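Me: I'm new to this structure and don't know where to begin. Please pick a single part, take a close look at it, and then show me how the rest is put together around that starting point.

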Amino acid sequence: MSIQNNTGYRPLTEWIRTSRGFLRMIALVEVVFFLFVFYSPSAMAVADTIEESQTAPVIEGKTDEEKLSKTLQAIKENITTTKATVDARMVEESDLLADVLNFFGLSELQTESTDQLLGLNEQLAVLNETALANFAQIEAQLIAKGLPEIILQRHQAMVNQYQTDYQQLQSLIQQSIDAGSLQDQQAAVAALHEFLQQRQFKRSHQPFDPNKLPFGTPDAEKTRKPIVDGDDLSQLIHGDNDKTYFADSILNGILDALVSPAYAEEPTAADLAETLDIEITADMRQLAESLNNNPAEIYAWVHNNIHFIPSYGSIQGSRMTLETQRGNAIDTASLLIALLRAAGIPARYVYGSVEVPADKAMNWVGGVETAGAAQQLLGQGGIPNVARVQGGQVTHIRLEHTWVEAWVDFEPSRGINNIQGDSWVPMDASFKQYDYSTGMNLQQNVPFDAQALVDAITVGTTINEAEGWVQNLPQQAAEDQFSQYQQQLETFINNQNPAATVGDVLGLQQVKIIPARPLSAGLPYKKISTQQTFPEVPDNLRHKFKYQLATQNFGYPGSPIISFIEPTVKLAGKKLALSFKPASADDEAIINSYLPEPDPVTGDIDPAQLPNSLPGYLINLTAEFTLEGTVIQSAGAGFMGGELHETLALWSPASGWDQAVNNPTAGEYRAIGLDLQGVSPEQAAQLQTQAEATKAILESGDEVQFATLTKHEVVGDLLYGTIFSYLALNDVQDKLAALSSGIVQYRLPSFGIFSTRLSTQYWFGLPRNVSFSGLGMDVDHYTYQAVDKRGDRAAWVNYNLMTGARASAMEHLVPEQMFSTVENPAQGISAVKALAIASAEGQRIWTIDQNNLNTALAAINLDADIENEIRSAVNAGKVATTHDTPVAFAGSTVTGYLLIDPATGAGAYKISGGANGAWLFIAVVAFLIAMIIFNLLTRNIQGLFFSLTAYFGFVNRVEDILNSDLSPSQVQIEVERAMAAAVIGSVGGSALSTLAGNDPRIHSLRWLLRAFFAGWNAVWFNY
């Protein structure tokens, strides 16, 4: 293929290299080009439904209540636009002459057209008559069912408030229509705008800060340098200047030089105690006993079996570190101390600044090839560090670090025969060296035809460099290229070694094993500053998680009704959730009154008689925040369907609070998943055990046992299992992608939510009808450390882009896998899937930066909140990717858009409403979960039996997910299946290097094609 220009034809590769405009666009629309494979081959089936929905009227709804809500919102949007137009005209046209003419009633400033407002108001008048009739019908039903007087009072209050607001709205609309001049219209429209802005008619758009993107790595440059002053170090750790905690560095140097490291003080009871970080479990005692309760053997075991993560502060504690067999310096110290104390050996933490030779530091943090890359990883993890330079070369890295001192029998056997402790001996089981293997050389043995792929994806594609969009991407042609290359890889790997593991193909990182040997009097590096010792981790060194919930008034949150802050070590491997229950017996009676009576013979409920919605304004709810199913805090949350203000945050000792704000709806069940440094296999096993116990109760047919089930055991475990699976699968895929891309990567504390979703029709801010609309995933904080081994910044940015795009796709793929059956496949939507649907539809896919912002916003037709968010992000230096118009999906319309930092690859992958995540629309699941919640709330045992029987298939699916990619012993089995797919990314990306040499302009295109490979990975293994 070749491209025509003014001088004739030239090769495509030359055109790509010299076409900066093409590369500018391609840098961020690449995600759209490949992610169709995440849901292929159903893309065209989804696209087939789009034309019908696009011909629907502007104001539509399944019920009159929904139409009324949408009509009010349309009026609000119309007035917002009209006000902006009128205000702009007043600025442009109101000069001194116009003011004089206006004084004499001769103003030439004509009013803005109100035809659309008039038409909307006419529709509203018809819907208002229906609403009033419906209110009267509801009142009659409430009286007929004999409900308490307080319920009738709530209903009347709603009717009165609605009528008052409606009449005020009509008065303000009429003033805007009747205005005789532009000046009068400006005042009338301003009053109407203010009235409407104070009232809610749709779910709020989630707030967004373009400078706090949810997917990416921390900024290593913001990490401070290590402290060397003793007073400052004491202040950091303990929050005071208590000098009893430390000895000066001179004394440390003297002690290190001595044969015996004995200190003056002897151990106390605190040096043998359990703490929040040091859990001395039965497993700990058993392991210590298997190591003969010997300090030398215990130290060697922890050194040899726990992989180091270069992060800062207490994150997960001894129990989770043992389960995952990885941890940072403090967590590894917690495990070592737990095992020592389990053996009856006093032990404590030591904190100070040390200097590590640069080559050893590079090996220690993950096998990077430059000292700068090592510092990047340390800094991203929050570890204070600074390079020490001699002769123009980095020779050492100084950092703050934690190790252990144990009171052992040092003389004469140096801990080998531990009879009577006599000295504090330093031990650092987190500091170690690794052996790295490189694996197969697939780049040479299975070369990838990058030029063929470039040709395939450019044939038939329309590229408008001037405006910044692409159209008509050839999806099938690219997929054919991947399929061919997949077969080549499989054939080669099977011929070389049919039993090859991922380590055989991509390489391994293995600890250099040390034997149980006499303990050393010193450390394997130099201490250069004052040290601190403590028997328990100080609060200032602990990571924390915060959850707060508040009610709202005119969109502004009040004081928190729930406020939960705990160290992450306390929450490691635990289930957190927000749920709701009727606030009183009267509220429970309302729900019961809307549920059909069970069949008197079979006890079953006829699904056709279930209500589609509930009157939220009649039902007060209580919010409950739970830990492992136990209510920790509860508070009144107002009416069902009302919007709340939710804050989730993680606190790091290195960088402080990093928080996300959401607006959940009262009545939703929200399962909160924490991934601190990688998920635990024991947690997966526990979830599976719980699922099996629930299944056994369901299959028993015992109504007494049914009555013991709670929403947390049924709905909660299902939802939590979904977010847990999402985090676990991404941990595995992040590692595979890193191995195949020459990246060193570690998980940092992250969180996400998987929840039921309610749809509310708001009438002047009051929740009229509340219905179940599906399930949603919102991952607000997905953070990790990552660096290219060679320190290549472009490769690091590309990895971040690829990781964010794949993590976004997984937000719809994991729920689809969790909730699909053969008979009823689930369909999820995420940001990248919405973009892919739009691309398959033939829509233009826009790459928007500051150069084409105005052009793009004038061309696209998206929700005003989305366009404003895009404008804000682009003005803040980010690049947006989106499509022309919303796409139809499962009876709704959805917009997908990406907001990316081009300097780092960090991003937000968003869908309509502003959430970072995905919605799962599936009628069967929505029906089942709604029934379960209703029946649990009302203690309807017969109804519960009916709904849970239908639920069997979904519980079985949860078990399937929980059995994969979760424990270290199982990872290799599943990883072998993903081995070739991971290799595709590596080989494909490397092959592209030969396409353009070291030309920096081609980096974006290289990553585009790498992204294709990552997409194929997801399809191949049905992730």
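Reply:
**A close look at one side chain**

Let's start with Arg-542, whose side chain reaches the backbone oxygen of Val-537 at 3.4 Å. Keep in mind as we go that this is a predicted model. You'll find Arg-542 in the loop between strand S16 (531–534) and strand S17. Is Arg-542 buried or exposed? The relative accessibility of Arg-542 is 6%, and buried means under 20%, so Arg-542 counts as buried.

What surrounds Arg-542, then, once we leave aside its neighbours within four places in sequence? Arg-542 is in contact with Leu-276, Asp-277 and Ser-314, with Glu-536 and Val-537, with Pro-567 and Val-569, and with Trp-651 and Pro-653. Val-537 therefore turns up twice in this little picture, as a contact of Arg-542 and as the owner of the backbone oxygen that the Arg-542 side chain reaches.

Now follow the chain out of that loop and into strand S17, which covers residues 544–553. Strand S17 is joined by 8 bridges to strand S22 (residues 644–652), and the two run antiparallel. To see one spot where they face each other, look at Gln-548, which stands opposite Thr-647 in S22.

S17 and S22 belong to an open sheet of 4 strands, in the order S18-S17-S22-S23, with antiparallel pairing. At the edges sit strand S18 (556–567) and strand S23 (656–662), each pairing on one side only. From one strand to the next, the twist averages 20°. As for what holds such a thing together, strands of a sheet pair through backbone hydrogen bonds, either parallel or antiparallel.

**Another buried polar residue**

Arg-542 has some company, so let's look at Asn-385. Asn-385 is in strand S8 (residues 385–390), and with a relative accessible area of 11% Asn-385 is buried as well. Its side chain makes a polar contact of 3.0 Å with the side chain of Gln-375. A polar atom of the Asn-385 side chain also lies 2.9 Å from the backbone oxygen of Ile-383. Not counting residues up to four places away in sequence, Asn-385 touches Arg-224, Lys-225 and Pro-226, then Gln-375, Leu-378 and Gly-379, and finally Ile-397, Arg-398 and Leu-399.

Leu-378 and Gly-379 bring us to helix H17, as they are among its buried residues. H17 spans residues 371–380, and 7 of those 10 residues are buried, so the helix is largely enclosed by the rest of the structure. The buried ones also include Ala-371, Ala-373, Ala-374, Leu-377 and Gln-380. They pack against a mix of elements: helices H16 (358–364) and H27 (793–819), along with strands S8, S9 (393–408), S25 (743–747) and S27 (766–788). After H17 comes Gly-382, with a positive phi near 90°.

**A helix and a strand to compare**

Helix H15 (residues 329–342) has 14 residues and reaches 20 Å from its first C-alpha to its last, close to the 20 Å expected at 1.5 Å a residue. How many of the residues of H15 are buried? It's 14 of the 14, so H15 is largely enclosed by the rest of the structure. At the start of H15, a side-chain oxygen of Asn-328 comes to within 3.2 Å of the backbone nitrogen of Ile-330. Past the other end, Gly-344 has a positive phi, near 80°.

Strand S33 (residues 896–900) is mostly covered too, with 5 of its 5 residues buried. Gly-896, Leu-898 and Ile-900 are on one side, while Tyr-897 and Leu-899 are on the other, and both faces are covered. S33 pairs with strand S30 (residues 879–883) in the antiparallel sense over 3 bridges, and here Ala-880 stands opposite Leu-899. S33 is also joined by 5 bridges to strand S34 (residues 907–911), again antiparallel, with Leu-898 opposite Tyr-909. The hairpin of S33 and S34 has 6 residues between the strands, and Gly-905 takes a positive phi near 85° there.

**Stepping back**

Across the whole chain there are 35 helices and 35 strands. Of its 1023 residues, 58% count as buried, with Arg-542 being one of the buried ones. Among contacts between residues at least 6 apart in sequence, 76% join residues at least 24 apart. On the outside, the chain exposes about 39300 Å², and carbon and sulfur atoms supply 50% of that.

Technical notes. Residues numbered from 1 in each chain as written. Predicted model: local features only at pLDDT ≥ 70, side-chain atom pairs only at ≥ 80, totals over all residues. Heavy atoms only, no water. Buried < 20%, exposed > 50% of the residue type's maximum accessible area, 1.4 Å probe, protein only. Polar contact = N/O pair within 3.5 Å; in protein donor to acceptor, adjacent residues only side chain to side chain. Contact = heavy atoms within 4.5 Å. Areas by Shrake-Rupley, 256 points an atom, 1.4 Å probe, with all protein chains shown as cover. Pairing = 2+ DSSP bridges. Axes fitted to C-alpha atoms, helices over the stretch in contact; angles between N-to-C directions. Expected span 1.5 Å × (residues − 1).
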